[in-house]
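Reader: I should be grateful for a close look at a single part of this structure, with attention to its surroundings and its side-chain packing. Please take one strand and follow its neighbours outward.

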Amino acid sequence: MRKLYVLVFILFISACCYSQPFGNEWINYTQQYYKFPVRHTGLYRIDSAALAASGIPVSSINPKNIQVFGRGEEQYIHIQGESDCVFNNGDYIEFYAQHNDGYLDSLVYLYKSAGHPNPYYSLFNDTAFYFLNWNTSTNN
């Protein structure tokens, strides 16, 4: 009987371990993402020339289908020139991005706010990475 209790306990613990999210739920593995660094907090603008230079086929993308992800969440973006559903020369994407300020480092410490020496500076890297992608859905 004792072995049965131990087995049930181990199964319960293993089930709890698999129920934790990893923070990468936003990733759709069937889509291609373009990664770019953000070293300073502020407003960023990516124009069609920069996207074309990166190898993105801007002429075949509907601007309403573009998404930008950062810190595991979709970011609010403004796309100039999206009303004609074509990403032309002179069109651009604007969004607010934050550098890596140690928000994720706080998870390393037992007491998040008390243990972190400086919550506004990362101990490991000051560069955050944001990701741009597009799909065929206008419900972005």
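Author: The account below begins with the chain as a whole and then turns to strand β3 and its surroundings.

The model is a predicted one. Its protein chain contains 3 helices and 7 strands, arranged along the sequence in the pattern α-β-β-α-β-β-β-β-α-β. Of the 140 residues, 29% count as buried. The accessible surface of the protein chain comes to about 10,100 Å², and carbon and sulfur atoms contribute 58% of it. Among contacts with a separation of 6 or more, 66% are between residues 24 or more positions apart.

Strand β3 covers residues 66-70. Because 5 of its 5 residues are buried, β3 is largely enclosed by the rest of the structure. The burial applies to both faces: I66, V68 and G70 lie on one side, while Q67 and F69 lie on the other.

Two strands may be named as partners of β3. With β7 (residues 128-134), β3 runs antiparallel, and 5 bridges join the two. In this pairing F69 stands opposite F131 of β7. With β4 (residues 73-74), the pairing is also in the antiparallel sense, and here the count is 2 bridges. The bridge partner of F69 in β4 is E74. The hairpin formed by β3 and β4 has 2 residues between the strands, and R71 there adopts a positive phi near 55 degrees.

F69 also takes part in ring packing. The structure holds 6 aromatic pairs. One of them joins Y33 and F69 in an edge-to-face arrangement, with 6.3 Å centre to centre and 70 degrees between the planes. Y33 belongs to the loop between α1 (2-18) and β1 (34-38), whereas F69 belongs to β3, so this pair ties together parts that are 36 residues apart in sequence. Both Y33 and F69 are buried.

Other ring interactions may be set beside this pair. Ring pairs link F36, Y44, F95 and Y130 into a cluster. Charged side chains also meet aromatic faces: the charged end of K35 sits over the ring of F129, 4.3 Å from its centre, and R45 lies over the face of Y92, at 3.8 Å from the ring centre.

To return to the strand itself, F69 of β3 is buried, stands opposite F131 in β7, has E74 as its bridge partner in β4, and pairs edge-to-face with Y33.

Terms used
Residues numbered from 1 in each chain as written. Predicted model: local features only at pLDDT ≥ 70, side-chain atom pairs only at ≥ 80, totals over all residues. Heavy atoms only, no water. Phe/Tyr/Trp six-rings, centres within 6.5 Å; stacked < 30°, edge-to-face > 60°. Helix = DSSP H or I, 4+ residues; strand = E, 2+ residues; numbered from the N terminus. Buried < 20%, exposed > 50% of the residue type's maximum accessible area, 1.4 Å probe, protein only. Lys NZ or Arg CZ within 6 Å of the ring centre and 35° of its normal. Contact = heavy atoms within 4.5 Å. Areas by Shrake-Rupley, 256 points an atom, 1.4 Å probe, with all protein chains shown as cover. Pairing = 2+ DSSP bridges.
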